[in-house]
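Thank you all for making the time this morning. I would like to walk through one structure with you, slowly, and you are welcome to follow along on the screen as I go.

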Amino acid sequence: MMLVLSVLGASDSQILADYIHSDSAYADINSDDAMVMSMSQRDIDPSVFLRAPPTVIVDTLQYIRSKYGGVNRYLNKNGFTDVWRNKLRNSLLS
């Protein structure tokens, strides 16, 4: 979602606010028992994996900017060019 929001022109603070909503999502809906059991069987720590601490998204944005020069350059490198970004914008904002 961070990449989609960025393509749509969201600011870092808007992206962070959206991401933080995920931090308590499973606790809020109180229905993560099946997922937690499934993750435990695969040695994945649900208390870590089901969380969304703000530092993760901040660090991810910083990494993309320092390594690729920004989200658009990162997307270009992976084949999601201006043409595709415009299609995404048009379909989501129309």
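**A walk through the model**

Let me begin at one particular spot, Ser24, which is found in the loop between H2 and helix H3 (25-29). At 30% relative accessibility, Ser24 counts as partly exposed, and its C-alpha atom is separated by 8.4 Å from that of Leu50, a residue 26 places away along the chain.

Before going further I should say that what you see is a predicted model, and that the protein averages a pLDDT of 86, with 80% of the residues scoring at least 70. The confidence is not uniform, and if you look for the weakest part you will find it in helix H4 (residues 33-41), where the mean is 61, whereas the highest value, 98, belongs to helix H7 (residues 71-77).

Turning to the overall layout, the secondary structure comes to eight helices and zero strands, and so anyone reading along the sequence meets the pattern α-α-α-α-α-α-α-α. Of the 94 residues of the protein, 19% count as buried, and the accessible surface comes to about 6,700 Å², with 55% of that area belonging to carbon and sulfur atoms. If we take the contacts between residues at least 6 apart in sequence, 58% of them join residues that are at least 24 apart.

Let me now move to the interior. Which residues make up the largest nonpolar core? There are 11 of them, namely Met2, Leu5, Val7, Ala10, Ile15, Ile57, Leu61, Ile64, Val71, Leu75 and Leu88. Helices H1, H6 and H7 each supply at least two residues of this core.

Two members of that core are worth following individually. Leu5 lies in helix H1 (residues 2-7), and with a relative accessibility of 18% Leu5 counts as buried, because the cut-off for that class is under 20%. When its neighbours within four places in sequence are left aside, Leu5 is in contact with Ala10, Ile15 and Asp18. From Leu5 to Arg89 the separation in sequence is 84 residues, while their C-alpha atoms are 9.8 Å apart in space. The second member is Ile64, which, again leaving aside neighbours within four places in sequence, is in contact with Met2, Leu3, Gly69, Gly70, Val71 and Tyr74.

Tyr74 brings me to the aromatic rings, where the count comes to one aromatic pair. That pair is formed by Tyr68 and Tyr74 in an edge-to-face arrangement, with 5.0 Å from centre to centre and 70 degrees between the planes. Tyr74 itself is partly exposed, having a relative accessible area of 23%.

I would like to spend the remaining minutes on charged side chains. As a general matter, side chains of opposite charge can pair when their charged atoms come close. How many salt bridges does a search of the whole structure find? The search finds two.

In one of them the side chains of Arg65 and Asp12 meet, at 2.7 Å from N to O. Arg65 lies in helix H6 (residues 54-68) and Asp12 in helix H2 (residues 12-21), so this pair ties together parts that are 53 residues apart in sequence. Arg65, at 39% relative accessibility, counts as partly exposed, and Asp12 is partly exposed as well, with a relative accessible area of 37%.

In the other salt bridge the side chains of Arg85 and Asp82 meet, at 2.4 Å from N to O. Here both residues lie in helix H8 (residues 82-93), three residues apart, which is about one turn of the helix. Are these two partners buried or exposed, or somewhere in between? Arg85 counts as buried, at 2% relative accessibility, whereas Asp82 is partly exposed, with a relative accessible area of 47%. As for what lies around Arg85, once its neighbours within four places in sequence are left aside, Arg85 is in contact with Val7, Asn72, Leu75, Asn76 and Phe80. Two of those names, Val7 and Leu75, you have already heard in the list of the largest nonpolar core.

To close, I would ask you to keep in mind that this is a predicted model, and that confidence is lowest in helix H4, at a mean of 61. Thank you, and I am happy to go back to any part of it.

How values were computed
Residues are numbered from 1 along each chain as its sequence is written. Side-chain values use heavy atoms; hydrogens and water are left out. pLDDT is the predictor's confidence in each residue, from 0 to 100. Helices (H or I, at least four residues) and strands (E, at least two) are DSSP runs, numbered from the N terminus. A salt bridge is a side-chain nitrogen of Lys or Arg within 4 Å of a carboxyl oxygen of Asp or Glu. Buried means under 20% relative accessible area, exposed over 50%, partly exposed in between (1.4 Å probe, protein chains only). Contact means heavy atoms within 4.5 Å. Accessible areas come from the Shrake-Rupley method with a 1.4 Å probe; for residues, only the protein chains shown count as cover. A nonpolar core is a set of buried Ala, Val, Leu, Ile, Met, Phe, Trp, Tyr and Cys residues joined through side-chain atoms within 4.5 Å. Rings of Phe, Tyr and Trp (its six-membered ring) pair if their centres lie within 6.5 Å; planes under 30 degrees apart count as stacked, over 60 as edge-to-face and the rest as tilted.
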